Amino acid sequence: MKHQMKLWNDSYQAILQGTKTIEMRLNDPKRRKIKKGDIIVFENTTTKQNMNCVVLNIASYMDFKELYQNYLPTALGYSVGEVADEKDMYAYYSKEDIALYGVLAIEICPIYKITPDLLSKNGLTLSSLELEE
């Protein structure tokens, strides 16, 4: 299944370069439909470019504090040496919505970087992906 999401330019570029591998979102009804092997089409809000990424894994957490404890800051989109603070996510989501829905860590990889070994390591195959438009 394909899903559409918008991204700020800095996050889009970090995914494109392969440094950001975890997209963080609320575990709201729309995001609950996302499954391992799905395709997310990210739209850069600045350039309007699109990038297709494969969902390699997905994990749910009570809040961003718990999520942040399980991933390296660079995987979440922070630069090397930058302090990762879960409170940064309050700029995007309210504390009430976080408490209501919980949050997701969506492990992604741009399609152009996908290899059979990477798929196999994550329990996926090329035929299990929805790559057609």
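1. A polar contact is a pair of N or O atoms within 3.5 Å, where, within protein, one atom must be able to donate a hydrogen and the other to accept it. In this predicted model, the side chains of H3 and D38 are joined by such a contact, at 2.7 Å.

2. H3 belongs to strand β1, and its relative accessible area is 10%; because buried means under 20%, H3 counts as buried. Leaving aside neighbours within four places in sequence, the residues in contact with H3 are K33, I34, D38, I39, I40 and V41, so that D38 appears in this list as well as in the polar contact.

3. Strand β1, residues 2-7, has two faces: H3, M5 and L7 make up the covered one, while K2, Q4 and K6 make up the uncovered one. This strand pairs with β3 (residues 39-44) in the parallel sense, over six bridges, and within β3 it is F42 that serves as the bridge partner of M5.

4. Turning to the nonpolar cores, the largest has 15 residues, of which M24, F64, L67, Y68, L76 and V103 touch the most other members. Two or more residues of this core come from each of β2 (22-26), α2 (64-68) and β5 (103-110). Another core, of 13 residues, lies apart from it and includes M5, L7, I15 and I40. In soluble globular proteins, nonpolar side chains tend to be buried together.

5. Which residues is V103 in contact with, leaving aside its neighbours within four places in sequence? They are R25, L26, N27, A59, S60, Y61, M62, D63, F64, L67 and I98; among them, F64 and L67 are also named with V103 as residues that touch the most other members of the largest core.

Key. Residues numbered from 1 in each chain as written. Predicted model: local features only at pLDDT ≥ 70, side-chain atom pairs only at ≥ 80, totals over all residues. Heavy atoms only, no water. Core = buried A, V, L, I, M, F, W, Y, C linked by side-chain atoms within 4.5 Å. Buried < 20%, exposed > 50% of the residue type's maximum accessible area, 1.4 Å probe, protein only. Helix = DSSP H or I, 4+ residues; strand = E, 2+ residues; numbered from the N terminus. Contact = heavy atoms within 4.5 Å. Pairing = 2+ DSSP bridges.
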